[in-house]
Amino acid sequence: MDWITTVDHKKIGILYLFAGLLFFAIGGLEALFIRLQLAYPMNDVVSAQRFNELITMHGTTMLFLAALPILYGFFNFIIPLQIGARDVAFPFLNSLGFWTFFFGGVLLNIGFFTGDTLPDSGWTAYAPLATEYSAGRGMDMYSIGLQMSGIGTLLGGLNFVVTIVNMRAPGMTMMRMPLFCWTAFITSILIVFAFSALAVGLLMISFDRLFGGNFFNTAAGGNEILWQHIFWIFGHPEVYILVLPAFGILSEVIPTFSRKRLFGYTSMVFATSIIGFLGFMVWAHHMFTVGMGAVANTMFAVATMLIAVPTGIKIFNWIFTMWKGQIRFTAANLFAIGFIPSFTIGGVTGVMLAMAASDYVFHDTYFVVAHFHYVIVGGTVHGIFAALFYWFPKMFGRTLNETLGKITFWLLLIGFNLTFFIQHWLGVVGMPRRVYTYLDGQPGWNEMNLVSTIGALLMGVAVVILVINIVITLMKPKNATNDPWEDGRTMEWAISSPPPEYNFKQTPLVRGLDAWWVEKRAGNKEMTPAEPVGPIHMPNGSILPFIMSIGLFIAGIGFMYDTLLMIVGGLGILVICMILRSLIDDPGYHIEPEEIEGKGVKA
C-alpha cells in the first residue's frame, strides 16, 4: 500500500524504473520472435498477421513504454537531489502521471490476455492502414492506450519543467546546473509540445475508428497525409526526447570516471538547446517520398544536416573530457564510452538519410531500421545502462556486480553490432522492412539475416545477465557509502545512499558548478547549509492517483468494446476523485528536527 499511495519522488522514480524494465523485457521478447522468424527464408515461427502485430508492438512498447519511462525513473530520482530540492513541484501529479502511464501500457497490451488482435499497422500507425483497413480492436488499444499513457508523460514533462525552474537550491543558477538537469529540462519542454501533437492525432484516429470521423478517410474528404505530418511533428522530437537524457547521463558519468570537469560546459548547454529547437524543424525528412516537392525536401534536408553540428560538439567534448583524464573503466563508464562510436554511426547514417535523393533509395529498407536502432539502442539504451550502473548505489544502497556488468556490456556491444550493422547492407541490397518472410536465393539475405538473429540472441543473453545482477545485488545488505565512486561531482553524492525521505536536512548552498566537488576541494565533509535546522514539510501520500487511473482504464475499455456502462462508470470514478482532491484540504505533515538530529546536510 505504501508503494501504491506514495508521492515521494524517489519511490515513484523506482516504480518508473521497474515498470519500464518490465516493458523493456516484453519489447525485447517481441524483437526476438521477429528475428527468429527472419533467421531463415520461408520460415514459419509466427504467422504473417502475428508478425505484423509483433512489429507494431515492439516499436510502440520500446519507445513509449520502456525507454522514456526508464529515463523518467532517473529524472524523478536524481533531478531533485541534483538541484537541492526536497521533492518535485507537484508530488500528487507525479504519482498520477506514473499510474496513468502504467495503466495505459497495460491497456495497450491487453490483447495478449483477451484474445483480440493486437495493434498491427506498424508503430507509426499510418492511415488508412490504421483506420479503414485494421479490423478488430487492435488499433483501438493503440490509440486509447497511448492517449492514456501520454497523459502521464505530459504530466511528468510539466512537472520537471516547473521543478527545475522553481525549486533549485540557493546559489544554483541555470548555468551551474548539472548537464543531466539541463537535458531533462530541454527534454521536458519537447515533451510538452510534441506529446500534445500526438494526443491530437490519436484523438482523431480514435474518432475515425469509433465514430466515423473521417479525418483521414480520403474518400469522405479527409487527408491521409495529415496523419503523417501530425505523427512526425511528434515523432522526430521524440528521437531527441529519448537521446538528450542519454547525452546528460554521459555528461555525468564520463567526468566522474575521468576525474575531470566536463569539457566545454557552456557549449554543451547551448548545443542541447539548439538540438531541442531544431528537433521541431525537421519532421518532414520522414516524408521525402510522399511528394512534397523539391523545395520542401531541400529545406528539410538542410535543417536535418544542421543538427549534426551541435551533436558533433557534444561528441568532441566528451572525448576532450577523457583526454589526459584518470580514466577508470567501470561498467558504467564502459557503457558511456561504447555510446560514443555507436551513436556516431547512427548520426552518420542519419545524414545519409537526410539527403532526399539518397533517401529515395534507402526509404522503407532495412537501412532505415539499422539507422534508428543505432540511434536508439546504440544511444539511448547504452545511456540507460550507464545510468543504471552509475546511480544504482544511490537508489538502492548497493553496488551492482562489476564483473557481471562488464560481461553485460561486451555481450550487448557485440550482439548489437552483429544485429544491426549488417542490416545496412541488407537495406542496400534491397530487403524491405516489415516483410515477414523472404524467398531463398536472394543475394546475401540468408547469411545476413542469420547473423542478425545471432546478434539479437546475444543481446537477449546480455539482458538476462543484467537481470540476474540486479536480483542478486538487491538480495545483499545495503553497504554503499554516500559517494561510492569517490569522485562524484554533483549533490546527490553528498547524502546517504539511499537518501532519506526528506533528501536534505538543511537546504544546501551551491557555491559553483559541480557543487559537491567544490565542497570536497574546500575540505568539507558535507554540503554547506543555506538555512538553520528546522521542521521539514512533507506531502501526504494519496490513493487517489491510483483510483483515477483505474477509472480511466475502465473508461478506455468501455470505448473499445462500446459499453456505455463502463464509459460512464470509469469517467465517473475519475470525476469523483477530482472533486475529492479539490474539496478536501491536504496540508501534509512535518518532520521535526529532533527526529533527524545529528544527521546534518549529508543526510
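**Close-up A. Arg 511 and Glu 519 pair up in a salt bridge.** Arg 511 is partly exposed, at 40% relative accessible area (20% to 50% earns that label; buried is under 20% and exposed over 50%, with a 1.4 Å probe and protein chains only). Its partner Glu 519 is buried, at 0%. The closest N and O atoms of the two are 2.9 Å apart; to count as a salt bridge, a side-chain nitrogen of Lys or Arg has to be within 4 Å of a carboxyl oxygen of Asp or Glu. Elsewhere, Arg 259, Arg 328 and Asp 487 are joined into one network by salt bridges that share partners. This is a predicted model, where local features need pLDDT of at least 70 and side-chain atom pairs count only at pLDDT 80 or more, while totals for chains, interfaces and linings use all residues. Numbering starts from 1 along each chain as its sequence is written, and side-chain values use heavy atoms, leaving out hydrogens and water.

**Close-up B. Arg 489 has a salt bridge to Asp 514 and also sits over a Trp ring.** The N to O distance to Asp 514 is 2.8 Å. Both of these residues are in the loop between α16 and α17 (515-521), so their contact ties together parts 25 residues apart in sequence. Arg 489 and Asp 514 are both buried. Arg 489 also lies over the face of Trp 517, 4.2 Å from the ring centre (the rule: NZ of Lys or CZ of Arg within 6 Å of the ring centre and within 35 degrees of the ring normal).

**Close-up C. Asp 364 and Arg 433 form one of the 12 salt bridges in the whole structure.** Here the closest N and O atoms are 3.8 Å apart. Asp 364 sits in the loop between α13 (356-362) and α14 (366-396), and Arg 433 in the loop between α15 (402-428) and α16 (445-474), so the pair links parts 69 residues apart in sequence. (Helices are DSSP runs of H or I, at least four residues, numbered from the N terminus.) Asp 364 is partly exposed at 40%, whereas Arg 433 is buried at 19%.

**Close-up D. Trp 123 meets Phe 231 edge-to-face.** Their ring centres are 5.3 Å apart, with 65° between the planes (Phe, Tyr and Trp rings, the six-membered one for Trp, pair with centres within 6.5 Å; planes under 30 degrees apart are stacked, over 60 edge-to-face, the rest tilted). Trp 123 is in the loop between α5 (111-114) and α6 (138-166) and Phe 231 in helix α8 (residues 224-258), so the contact bridges 108 residues of sequence. Both count as buried: Trp 123 at 13%, Phe 231 at 0%.

How values were computed. Helix = DSSP H or I, 4+ residues; strand = E, 2+ residues; numbered from the N terminus.
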